[in-house]
Every structure is written in structure tokens, then in C-alpha cells.
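Please explain how the metal sites of this protein are built and how the surrounding chain contributes to them.

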Amino acid sequence: MATAASTSAAAVLASRFLRRSPRPLRRLALSSRAPPAALSARPSSFHCPAPLGPQQLGHRARMGHSTAAAAAPAPALGLTKPNAVEPPQITFSAKDVEFSEWKGDILAVAVTEKDLSKDSASKFENAVLEKLDGQLGGLLSEVAAEEDFTGKAGQSVVLRLPGQGFKRVGLIGLGQNAPSTAAASRGLGESVASIAKAAQASSAAIVFASPSGIQEEFKLTAAATIASGTVLGLYEDSRYKSESKKVHLKQVDLIGLGSGPEVDQKLKYANDLASGVIFGRELVNSPANVLTPAVLAEEASKIASTYSDVFTATILDVEKCKELKMGSYLAVAAASANPPHFIHLCYKPAGGNVKRKLAIVGKGLTFDSGGYNIKTGPGCSIELMKFDMGGSAAVFGAAKALGQIKPPGVEVHFIVAACENMISGTGMRPGDIVTASNGKTIEVNNTDAEGRLTLADALVYACNQGVEKIVDLATLTGACVVALGPSIAGIFTPSDELAKEISAASEVSGEKFWRLPLEESYWESMKSGVADMVNTGGRQGGSITAALFLKQSSVLMALVLFLQYVDEKVQWMHIDMAGPVWNDKKRTATGFGVSTLVEWVLKNSS
Ligand code: BES
Ligand code: MN
Ligand code: ZN
């Protein structure tokens, strides 16, 4: 296969390996294609990019530019192919105009609870609301009272206004204060999306009843997060439905957050980021019969070919992984009819002046059945285990965004050991001993603890790229969901510095993380009688709630310690995103991790 370069062989590879050469083993030369024209939009504007369509997922066999295509089985099992979905194209503009002059479909006014207070004559004390109410002959105060709108966060009310410059006005509750965090302003964007969607509006404006309530230094972040919140709130993944809903919204004006090149640049950033988050969501939403390891590799290669000025792709097939002695990863892949693909994208900025080298590693299980320790019983969520490549979706979503943003001074390696955890006569058995690429032997006492087996070899490979910092993301343990619930990811790192960096990035992204301890003494339960270690710690009993929690967390710590395949000189962080990968209420992927990773890479760029 073309994947295995002319390969002057294992000896060369092994020696490179030992020398810890940062050079990858093989680079796929990928055809260059200009980035989508929509992204070089006119100033003050940006467009939301196209989501994955049939030219992408599911049609790889015809593309033929990657070796992954050759290994991919012909049509997807069940004959499913994702539909072409009209890409939502939204132009955002930051404007300094008087709201009453604005013309369009829906004027969204963001109000705090305080903004709704009235004077002794029952008039709004807030100047914007009073002016608007006057213009509407008192309709605004009437509807607020009738609908019991008090400005609480998440509340909204919409009024139809025949004969006005704007066809509708909507009030959106902000709670007690104007937004001062990324999460709050993203929430505002989502509310705007929701009222615009219900009204089938094609144009909208967002104004604040108290614009002075927004801190001057927060305005840029507010504009960007409102914009990305609107795009992501509007986006619905209908590629696998026989009919898709039309997105009507085309134009959104942001009033009161300034105007000019700085805010325009932020709006472009919001666009690039949103396209990465959407890509990540689509990867996770795609079922395992469509998104096989080969298709994931193909999607990654496409990022490299689309942004070929900054990316190169390396895809290693089974033979190559064998040469690299990735026994731990290959054992997980062994039962599947869909062969594994080890994926490595390398981002190098134009000009080549690199000050920092980073690696981002993602768990890429396109499906996790549990293997012989099959997932059974209510609550095991086997039917959701297509999301077990959520870590890799965060990695490639971030890669897509960074391919457009092109930060200088930083080199980034995106690494995913993609495979499927299945059951067959060729699969790994409980009790098997596997050997990872750093020579360590592992007794597999539970085939359902497969993620760490794949990550072990991926982390050894990442260390060999000569990077200073590694962040891995994985839907690793149900225990982390028990500990932190569905919307917070667990972080584990011996490095306080890295913990601070990710925490700073999360403040801008609005994604939630909580640091948990790497308790060395829990390693005890990971010892094996016959190998260097087992892959899961012993089960601890207990019926009291507190004991249950302690049991969960002790199992969790043991799992994380297992991931210490990382060179001690390298700063490393593990992120367990088993909870936030999926939104149960909305029955869809979240795109979790993309925003924080992009922000972290930007903080490491110069
Ligand atoms: N992919 C799962 C983790 C998971 C479970 C994510 C539920 C989201 C929801 C992982 O491979 C796994 O099966 N982990 C086991 C580990 C156990 C065998 C020690 C788990 O969490 O049960
Ligand atoms: Mn598992
Ligand atoms: Zn898994």
C-alpha cells in the first residue's frame, strides 16, 4: 500500500524512534486547494461555512487522494450516505447605529432584570426600553406583563409588529447582569438563534437595553461568542434525515459592541471556530457504519489538503503500526473488519519560525462495543458508543479551525490512533498480554478499558515528535461522568502551568473543566502478577453513597495513572470528556473541546 512509504524500513524507523526524532515517518503529499472563498469575506462580516456533505463523509472511495480510500470498504453498511445539507451562510456585522433606525425581520433586545423596572408612572426607567415602548404605543410593557417576562436568563418573548421598520421585536432575558463571561454571551447568541428560527427571520439585530453594562474589555469577546453562539444555536445536523429544515437567517447586526477592524477580526475568528465546532459535531454524530477509521482518516487528510499551506498528513496502516510495535493499539483493533488507521496531522505556520511545539492526542474509537467484556445492561449506553471518537473529533475540529486562523510561531501535531473495539475470533481476549510501543507489557483484564490501550501507543508516538506539551482528550471513563456529571470534563496533569493554561483558555471558550488529583498510591491496584501492569484496577465494593463516590474516583485515578506513557520532561494533561461529548436532551454531539483547544494553541502562538 502506498501508505508505507518506500520504507527503508523498520531499522531506520526504530533508530529514529530511539533518537526521538521529531520528524514524522512519512508525509502524504496532498493536493493543494484554496480555502473556501466565503472565508475571505468583506470587512465587518463573516459567513458560516458549509458542513460536511456527501462529497465528504461516505464518498471517500471516489476521492482517491488518500491511501485511506483504498482500505475503505465500498458502500456504508445499511446503504446510508449523509445528505447534502444547505450550509447556513450568516453574515455578521458589528455596527454603531441607532437601534430605532434599524430595518429587518427581528430586533432582539437583550435585557437584565433591572432593565425592566418601572417608575411611579409605570414607565420603563431604562432609556432604550422606554423609547421602544413609546414607538410601539405601550405594546412592549403590555406583553412583558402579560407573558410574565421578568428578564431571567433563558426567558424570551417575541412580538409581531406590522407596519414597523422591523417586523418583530424580541426581548431576551440576561438575568441579573449583562454578560461578562463567554458562556453567558454564547447563551445570548443561542437565544437569538432560537427566536430567529421560530420567526423564520432572514435578518436580525442584537442590541442591549444597557450597553454600558458590558465591560469595555469584554466587548470583543462578547461579539465573538454571541456570533459563534448564534451560528451553533442555529445549526442542526440533518445530514441523516430524509428531509432537512431550511435555515432562513442570513444577516445579523451586532449593535453597541463597537465597530472596526479589531471586532471584524474577532468575527472572522468566531466563524473559523464555529466551522471547527460544527465539523467536530458532525464527526461525532456520524454513525459507526458510516464513520469507520478509514473515513476518519480520510476526513483528516481532507483538512490537510484544504489547508495545504500549513498542514501535512501522515496516515499509518496496520503494517506500519506493526513496524512501530504499537501492540497495545493493534490489539484493540484486532476484532474489527474495519482496519485501524493511525492519523497524524502536522501544522507548521508559513515562514517556519516556530517557538513552541505542541501535540494534541484524541481517543478515536469509532465504536466501542466493549469487546469480550461487552457492554450490557441498562445504562451501559452501547447504542451511543459512536461518540467514543469524541476526543479525535475535538482534535480535528481544532485542526480545521486553526487551518483557517493560521497562528504564527507554533507547531502542532494532531494525533489519533483510530480503530473500532469489536468482538470476533481475531479479537483480543480478557487475560491477553499485549506489548506497547515503549516495550511495556499489559495484561488486559478488561477489554472494555480499550481507550487507554490505544492512547498508550499514541502518547508514545506524540513524545517522539519532540514536543514540549501534550494534551490528550478522551471519552475515557463512565466514572468521570459519575464524578462530574454531563457537562464538566475532568482534567489530570502533574503540571500546574499546563492546568493554568487550559483554565485560562476555558474562560474564553466557556467550556467547563475541573482538575482531579493524580493520586500515585492508587497505582497499587494496577499491578499484574504476570505483566508490567493490568489495564483496569480492582473493583471496590460499598453501598453507602460516599463510599460509592470514593470507589468511583479511586477507579478513575487508577485509569489515569495508566496513561503515564509520557516522557517526564514533557508537560502532559489528560482530559476525560466522557460527560460533555454528548447532549442527552438535544440527542446530539456538542463539539466539546474544540473551542478550548483552539484558544490554548493561540495562547501558545506568538
Ligand atoms: N468509552 C468508555 C467510557 C464511557 C462510558 C464513555 C460511558 C461515556 C459513557 C470506555 O472505553 C469504557 O468502557 N470504560 C470503562 C472502564 C472500565 C472497564 C474500567 C467504564 O467506564 O466503564
Ligand atoms: Mn470501553
Ligand atoms: Zn471506549
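A residue counts as buried when its relative accessible area is under 20%, as exposed when that area is over 50%, and as partly exposed in between. The model discussed here is predicted. Glutamate 450 has a relative accessibility of 0% and therefore counts as buried. Aspartate 448, by contrast, is partly exposed because its relative accessible area is 23%.

Both of these residues belong to the site of the manganese ion (ligand 2), whose protein donors are Asp368 (OD), Asp448 (O), Asp448 (OD) and Glu450 (OE), at 2.1 to 2.2 Å from the metal. Along the sequence, the donor residues of the manganese ion follow the spacing D-x79-D-x1-E. The 6 donor atoms around the manganese ion (ligand 2) subtend angles of 73 to 168°, and the arrangement is therefore irregular.

Aspartate 448 and glutamate 450 also fall within an annotated stretch: the unreviewed UniProt entry assigns "domain: Cytosol aminopeptidase" to residues 446–453. That span is 38% helix and 0% strand, and its end C-alpha atoms are 11 Å apart.

The second metal to consider is the zinc ion (ligand 3). Its protein donors are Lys363 (NZ), Asp368 (OD), Asp388 (OD) and Glu450 (OE), lying 2.0 to 2.4 Å from the ion. Aspartate 368 bridges the manganese ion (ligand 2) and the zinc ion (ligand 3), and the two ions lie 3.2 Å apart.

What geometry does the site of the zinc ion (ligand 3) have? The site is octahedral, with angles of 78 to 174° among its 6 donor atoms. For six octahedral donors, the ideal angles are 90 or 180 degrees. The donor residues of the zinc ion are spaced K-x4-D-x19-D-x61-E in sequence. Within this set, aspartate 368 and aspartate 388 link distant parts of the chain: aspartate 368 sits in strand 9 (residues 356–368), whereas aspartate 388 lies in the loop between strand 9 and helix 12 (390–405), 20 residues apart. Aspartate 368 counts as buried because its relative accessibility is 2%. Aspartate 388 is likewise buried, because its relative accessibility is 2%.

Helix 12, which follows the loop holding aspartate 388, leads to a helix pair. The axes of helix 12 and helix 17 (residues 594–603) come within 8 Å of each other and cross at roughly 50°. This angle makes helix 12 oblique to helix 17. The crossing of the two helices, helix 12 and helix 17, is right-handed.

Definitions and conventions. Residues are numbered from 1 along each chain as its sequence is written. Chains are lettered from A and ligands numbered from 1 in the order in which they are written. This is a predicted model: local features need pLDDT of at least 70, side-chain atom pairs count only at pLDDT 80 or more; totals for chains, interfaces and linings use all residues. Side-chain values use heavy atoms; hydrogens and water are left out. Donors are N, O and S atoms within 2.8 Å of the metal (3.2 Å for Na, K and Ca); water is not among the atoms, so sites may look incomplete. Four donors count as tetrahedral if all angles lie between 85 and 135 degrees; four count as square planar and six as octahedral if opposite donors are over 155 degrees apart and all others between 65 and 115; anything else is irregular. Buried means under 20% relative accessible area, exposed over 50%, partly exposed in between (1.4 Å probe, protein chains only). UniProt positions are given in the numbering used here, feature names are shortened, and annotations may be inferred rather than shown by experiment. Helices (H or I, at least four residues) and strands (E, at least two) are DSSP runs, numbered from the N terminus. Axes are lines fitted to C-alpha atoms, for helices over the stretch in contact, and angles run from 0 to 180 degrees between N-to-C directions. Angles under 35 degrees count as roughly parallel, over 145 as roughly antiparallel, 65 to 115 as roughly perpendicular and the rest as oblique. A crossing is left-handed if the near helix is turned anticlockwise from the far one by less than a right angle, and right-handed if clockwise.
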